[in-house]
Structures are given as C-alpha cells and as structure tokens.
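Biologist: I've got the model open and I'd like to quiz you on the labels people put on it. Ready?

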Amino acid sequence: MRRRANGEGTVKQRKDGRWECQIVLGDGRRKSVYARTQRDALGKKRAVQRAQDQGIPIATDRQSVGAYLSSWLETMRPTLRPRTWTRYEQLVRVHGQAISRLPLAKLGPEHVERLYADRIAAGVGPMTVRHLHARLHKALGQAARRGLVARNVVSLVSPPRASRHEMVTLTEEQTRAFLHAAAGERLEGLYVLAVTTGMRQGELLALRWADVDIDRASLQVRQSVQFIGGGGFVFTAPKTAKSRRKVELTKVAVAALRRHRAGQLEERLAAARGWEDLDLVFANEVGRPIDGTNLAERSYRRILERAGLKRIRFHDLRHTAATLLLGRGVNPKIVSEQLGHAQIAITLDLYSHVTPTMQREAVNVLDAVLGGRA
C-alpha cells in the first residue's frame, strides 16, 4: 500500500483485488467506496464529495436499501411527470419490501433474485417485476457511479421474461357497432374522436376548445392530463416531441363535436357559477377533468356491452384507429404522424400484424401494373 497524498483519504487494496477508499463525511460518519483500480476508487471518492457539496444524501455502510431508494426517489421527483413518479414510488414501496431493510452495502444479486421469485410466487405479473427491475437497476446504477456501492448488483440479475400484451382491436363492423352504441351518449364525441384520430386518452381528456378548429376540421394536440393520488390532476406536455401535432378530423368527428359543444353549453348554463372554466372539450358536469377510471366504469364499459363487444381497454381504441387506417392502405408514415409516434419504426413494430395484408396489396398492384406477365 503506497503512502497516500493529502486529501486522498484512506486508500488500500483489498484481498479480493479491489481498491477501497474510506471517506469521512461532513457529519463524521465514514463511507467506503470500491473500484477495480486505485484511480477509479479515487474518482468515486471525488464523486461522493461532489454529491455532498450538492446536498445529495450519501449512503453509509449502515444505510438500508429502503432508505437509499427513498432518497433516490426524491432526487428523481423534479425530472419525472407526477404520475410517473407515483408509479416509481409504488413499485419500490409495494414490491421492494423484501430487500428494504438490508444494508445497501451488503445487497447482493442473490437478494434481488429471491425478491423477483417471491413476487412471481405471490401472483405479481412478470411485466410488473420487469418494471421493478428497471427502477432498481437505475437507482443502484447511480449509487455505483457515485461510489456508494461497489457495483450495481441488479445488472447481474435477469428479470422474468414477460409475454407481450396481445393487442385487441375492433374490426370495421365492430367499430361501427361501437359508435352506434355510443350515439346519444353524453361523451359520444370522445369515443368518435378516439376511433377516428387515435389520440391517447390523456390527450383527449386534456383537449381544449381553443385547440379545436371545427370550421377547418382539425385540432392541435398540445397537452395531456394525468391523475395522481387523492383525486388530483395535472396537465403536462405530450408524451414526446412528435406527440405535439396537428390532427385532421373526419366529417363524423366534426358533426359529433358540434353536438357535444351544444350539449356542453346547456350544462354550463345549468351549473352557473359552479362551472369551472378550464376550456376543456371533454369535461365532467362542472367543467373539471374526467378521471379515466371513472370514465371506464360509468360509461365506456356499458357501451361495449350494449354493442355486444368483449371488454377491451380504452387504449385499444387507439390501436383500432391505426389498424383500420393501415388495413385500408394508408401510408404508415401518415399513420405514425397522426398517432404522434416518435419514429415510424414504432408504428411498423406495433402493427406488424397488418403488414401481411399490406404486402399482398402491394403484390396485387405490381400484378396490375405488369399485366400478370413475367
């Protein structure tokens, strides 16, 4: 062990070959960081000191996994949408209990593997466990980069394989039956827009009249609404930059919006001073945003039953819109732009089940061009 320079702290090479650097924190506690080389150990030590200067909580050798994850979540809060942060917090709090009391420095891959196995045995879906894995991997990765732990043990564990969600879409006939069942409903216009524009539920429920041009049969998607615990809601920017988009409206959608606006004006007059003017196209009886859960329970599912259709998610109406367009030969690039996908590859991957039909139509076009001749 060489003589250390001033300010380096205690640096030594362990029996397992790794280098350890001990640091005295501002409150007198001691913290060890580990690396494969002496240089990397010193680099991690400096990272810990920078984190202290920025007021970031530092995990000590005695700090529990739960305490570290709680502090990590707080540092992530400003960078996440409220609903996303709530999902992160719920995942960690509900599904990470089995490792929460372990010392962070002693967390090993075997603990994480056992956690995943226990969650699956308890009936938790593989996709939920995969989401938990992603959150733990990100949190422990940050801890490793700052030298708070020797390595990211989560990277040594494979999450359970999750089967891809089977996409359910309505056929053309079923879509007509659905819209027929929705005719006359208070939110008929919402359902018409869902299957003719492919807009996300949050985008529909955040749509403002200021962003709708009925005369020119178009609208602008500028925001989305998310509901958080306790009945609160928050308006946020669309999911991606491409999600901010112009959407052309069908004649059916324009007619539905005109009827909806007339009905909403009557509700507004009836509510008088009780109306909260947020300029929402699809609002509840007093002008406030509609909770998607309440929408499904009180309206959407009843319409599906009335139409004789099996229960599908509201989001599947978006998939239905895309499938109907692609099935009719609309250019995937146009469909991608209408849906607000970040890249056309996402559209082609999601709706690959439509591709065989499109390929057959392309072959028929070539046959027609060449007259069936070799």
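Modeller: Go ahead, and keep in mind that this is a predicted model.

Biologist: Then what makes Gln264 count as buried?

Modeller: Its relative accessibility is 10%, and buried means under 20%, so Gln264 qualifies. Gln264 sits in helix α10. Setting aside neighbours within four places in sequence, its contacts are Trp209, Trp275, Leu280, Val281, Phe282 and Ala283.

Biologist: Asp279 next. Why is Asp279 called partly exposed?

Modeller: Asp279 has 29% relative accessibility. Partly exposed is what lies between under 20% and over 50%, so Asp279 gets that label. You'll find Asp279 in the loop between α10 and α11.

Biologist: What is the phi of Asp279?

Modeller: Positive, about 65°, although Asp279 is not a glycine. Ala217 also has a positive phi, near 55°, and is a residue other than glycine. Ala217 belongs to the loop between β4 (212-213) and β5.

Biologist: On to the helix pairs. How do you know how α8 runs relative to α10?

Modeller: The two pack at an angle of about 160°, with axes 8 Å apart. Angles over 145 degrees count as roughly antiparallel, so α8 is roughly antiparallel to α10. The α8 and α10 crossing is left-handed.

Biologist: Which residues meet there?

Modeller: From α8 you have Glu188, Gly189, Val192, Leu193 and Thr196, and they meet Val252, Ala253, Ala256, Leu257 and Arg259 of α10. By type, the residues of that contact are six nonpolar, two polar and two charged.

Biologist: And what makes α7 roughly antiparallel or roughly parallel to α8?

Modeller: Again the angle: the axes of α7 and α8 cross at roughly 165° and come within 9 Å. With the cut-off for roughly antiparallel at over 145 degrees, α7 is therefore roughly antiparallel to α8. α7 also passes α8 in a left-handed crossing.

Biologist: Which side chains should I click on for that one?

Modeller: Take Thr175, Phe178, Leu179 and Ala182 in α7, which meet Glu188, Tyr191, Val192 and Val195 in α8. That contact divides into six nonpolar residues, one polar and one charged.

Biologist: How do you know whether α8 is mostly covered or not?

Modeller: Count the buried ones: ten of its ten residues are buried. They are Glu188, Gly189, Leu190, Tyr191, Val192, Leu193, Ala194, Val195, Thr196 and Thr197. Just after α8 comes Gly198, with a positive phi of about 75°.

Biologist: What about the largest nonpolar core, and which residues have the most contacts inside it?

Modeller: That core has 41 residues, and the ones with the most contacts inside it are Phe178, Tyr191 and Leu317. Elements giving two or more residues to this core are α7 (172-182), α8 (188-197), α9 (201-205), β5 (218-221), β6 (224-228), α10 (251-271) and α11 (292-306). The largest share, six residues, is from α8. Apart from that core lies another, of 40 residues, including Leu91, Leu104, Leu148 and Val154.

Biologist: What is Phe178 in contact with, beyond its neighbours within four places in sequence?

Modeller: Leu170, Tyr191, Val195, Tyr300, Ile303, Leu304, Ala307, Leu309 and Leu317.

Biologist: Now a glycine. Why does Gly292 count as buried?

Modeller: Gly292 comes in at 13% relative accessibility. The limit is under 20%, so Gly292 counts as buried. Gly292 lies in helix α11, and leaving out neighbours within four places in sequence, it is in contact with Gln201, Leu205 and Phe227.

Biologist: How far is Gly292 from Val225, C-alpha to C-alpha?

Modeller: Those C-alpha atoms are separated by 9.8 Å, for residues 67 apart along the chain.

Biologist: Last one: what makes Thr323 buried?

Modeller: Same kind of check. Thr323 has 14% relative accessibility, buried is under 20%, so Thr323 counts as buried. Thr323 is part of helix α12 (residues 315-327). Beyond its neighbours within four places in sequence, Thr323 is in contact with Thr169, Tyr351, His353 and Val354. Thr323 and Arg81, 242 residues apart in sequence, are 29 Å apart in space, C-alpha to C-alpha.

Terms used
Residues are numbered from 1 along each chain as its sequence is written. This is a predicted model: local features need pLDDT of at least 70, side-chain atom pairs count only at pLDDT 80 or more; totals for chains, interfaces and linings use all residues. Side-chain values use heavy atoms; hydrogens and water are left out. A nonpolar core is a set of buried Ala, Val, Leu, Ile, Met, Phe, Trp, Tyr and Cys residues joined through side-chain atoms within 4.5 Å. Buried means under 20% relative accessible area, exposed over 50%, partly exposed in between (1.4 Å probe, protein chains only). Helices (H or I, at least four residues) and strands (E, at least two) are DSSP runs, numbered from the N terminus. Contact means heavy atoms within 4.5 Å. Axes are lines fitted to C-alpha atoms, for helices over the stretch in contact, and angles run from 0 to 180 degrees between N-to-C directions. Angles under 35 degrees count as roughly parallel, over 145 as roughly antiparallel, 65 to 115 as roughly perpendicular and the rest as oblique. A crossing is left-handed if the near helix is turned anticlockwise from the far one by less than a right angle, and right-handed if clockwise. Ala, Val, Leu, Ile, Met, Phe, Trp, Tyr, Cys and Pro count as nonpolar, Asp, Glu, Lys and Arg as charged, and the others, Gly among them, as polar.
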